[in-house]
Amino acid sequence: MKVFFHTLGCKVNRYETERMLEGLMGVGFSLTQTPTDADLIVVNSCTVTAESDRKTRQITRRYKRQNPSAVLLLTGCMPQAFPDDAASLPADIIIGNGSERNIVNEVQSFFENRSKIINVAPHFTGELFEAGALKDFSERTRAYMKIEDGCNRGCTYCIIPKARGRVRSRSLDYIKTEAENLASNGFKELVLVGINLSSYGSDINLTLADAVKTAANVKGIERVRLGSLEPDLTTEALLIELKKIPQFCPQFHLSLQSGCNATLKRMNRLYTAEEYLAVCDKIKSLWNNASFTTDIMVGFIGEDDNEFNESLDFAKKVRFLKAHIFPYSVRQGTVAARMSGRVSEQIKSKRAEIMASTCDDISKKVMSDIIGLTRSVLFERSENGFTEGYSEDYVRVFVKENRALQGRVVKVKIKELMLDGVLAEPV
Ligand code: SF4
């Protein structure tokens with residue numbers, strides 16, 4: 001029996017796909033990259049924007065058309081947040097995102113009875129982080145590890161707390177076991193991810209630094225990176241602890257959303273632009289090789305030209321290495337869905353374009369700043385005469401093709417800017 005996965009959305013979803021795959025492989029499935037070959041097709045969905053929902057609907061219908069004899073399973077955040085919408089799609093099995101541990105039972109039950117299954121259990125207070133540890137990961141150099149799930153915050157635009165439930169954190173024992181499994185399979189870099197990663201440990205009396213330390217102390221793990229962080233929870237105490245961990249990569253993905261205080265207030269984000277900048281300054285005082293990446297939303301309810309320009313100027317001030325820009329879209333059931341002052345689609349896409357091109361220019365400047373400096377790079381693959389990988393501060397680095405470097409962390413000297421990264425030489 002063959003299974004095909006289509007994963008939408010964030011790194012947490014990517015991780016959960018691996019857990020589901022491992023469970024299914026345990027009962028005899030093998031992975032196929034071709035949906036028309038599959039006996040089981042799994043769509044692991046995302047619901048962060050209206051566009052994510054549209055994609056989920058589109059691919060679910062497409063797979064049913066392409067391979068009507070395969071069993072189609074829809075899971076992830078979309079059915080969890082909008083079970084009625086999901087039920088109208090032509091999937092045979094519809095389960096929520098807490099069901100990765102149950103997927104095997106649901107699939108086996110469908111193959112026995114051939115009757116549609118809809119089982120979206122709501123999240124509940126007191127829910128625990130799922131037990132167990134991955135044995136392997138499909139990517140070859142960098143593995144994601146989910147260490148936290150859920151969010152207790154109330155950003156007015158966000159549907160994710162409904163789709164993910166309350167904060168729950170993974171035990172250090174499972175972090176250690178999974179890091180050991182991954183290291184024994186040759187992984188050198190781990191990216192710790194979560195829904196609200198900064199809240200890691202708040203329910204089990206630990207801190208994010210404890211999780212990083214645990215993963216970093218595993219033999220064979222040479223680098224540990226973090227997923228998205230909340231600026232107001234990126235405290236000086238946390239930064240000082242992270243600084244003590246030599247394997248920690250100082251790439252800080254600090255979620256911005258807007259650089260305008262009035263917009264941030266309507267979003268119910270719990271920091272001001274000035275406080276955000278102060279966190280960046282603190283980071284720069286601790287690491288001389290730190291970089292900043294972020295997410296920026298444009299066209300939130302009530303955002304006028306002045307507010308947008310404030311946000312744009314702020315992005316220039318922080319100097320992001322990379323920024324993910326996306327237009328606001330209404331999510332039913334959120335506070336913002338009831339606010340007045342919606343921005344037209346046309347203005348939103350114009351602003352997204354301006355913000356993206358400004359951030360691209362900034363990114364080039366940030367990369368130019370490291371010309372002549374040394375960085376350490378984990379080389380991942382070779383293509384078109386180059387071997388490439390990422391530096392500790394997440395700059396894409398190319399060297400002249402040398403396959404012997406693949407899978408190794410190597411010091412390089414940065415030489416010049418390229419189209420989507422920098423050219424370097426090993427030192
Ligand atoms: S912190 Fe805000 S944006 Fe992030 S998941 Fe929680 S509610 Fe959504």
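**Exercises on a predicted model**

In this predicted model, the side chain of Arg375 makes a polar contact with the side chain of Asp393, at 2.8 Å.

**Exercise 1.** Decide whether Arg375 is buried or exposed, and place the residue in its surroundings.

*Solution.* Start with the element: Arg375 belongs to strand S15, residues 374–383. Next, take the relative accessibility, which is 7%. Buried means under 20%, so Arg375 counts as buried. Then list the contacts. Leaving out residues up to four places away in sequence, Arg375 touches Asn289, Ile370, Ser391, Glu392, Asp393, Val410, Lys411, Val412 and Ile414. Asp393, one of these, is also the partner in the side-chain polar contact.

**Exercise 2.** Check the span of helix H13 against its number of residues, and find what covers its buried residues.

*Solution.* Helix H13 runs over residues 345–368 and has 24 residues. The expected span is 1.5 Å times one less than the number of residues, which gives 34 Å. The end C-alpha atoms are 35 Å apart, so the two values agree. Now the buried residues: among them are Lys348, Arg351, Ala352, Met355 and Thr358. The cover over the buried residues of H13 includes strands S13, S14, S18 and S19 and helix H12.

**Exercise 3.** Describe the shell around the ligand by residue and by class.

*Solution.* First name the residues: Cys151, Arg153, Cys155, Tyr157, Cys158, Ile160, Pro161, Asn196, Glu230 and Arg269 surround the ligand. Then sort the shell: six residues are nonpolar, one is polar and three are charged.

Note on methods
Residues are numbered from 1 along each chain as its sequence is written. This is a predicted model: local features need pLDDT of at least 70, side-chain atom pairs count only at pLDDT 80 or more; totals for chains, interfaces and linings use all residues. Side-chain values use heavy atoms; hydrogens and water are left out. Helices (H or I, at least four residues) and strands (E, at least two) are DSSP runs, numbered from the N terminus. Buried means under 20% relative accessible area, exposed over 50%, partly exposed in between (1.4 Å probe, protein chains only). A polar contact is a pair of N or O atoms within 3.5 Å; within protein, one must be able to donate a hydrogen and the other to accept it, and residues adjacent in sequence count only if both atoms are side-chain atoms. Contact means heavy atoms within 4.5 Å. A residue is near a molecule or strand if one of its heavy atoms lies within 4 Å of it. Ala, Val, Leu, Ile, Met, Phe, Trp, Tyr, Cys and Pro count as nonpolar, Asp, Glu, Lys and Arg as charged, and the others, Gly among them, as polar.
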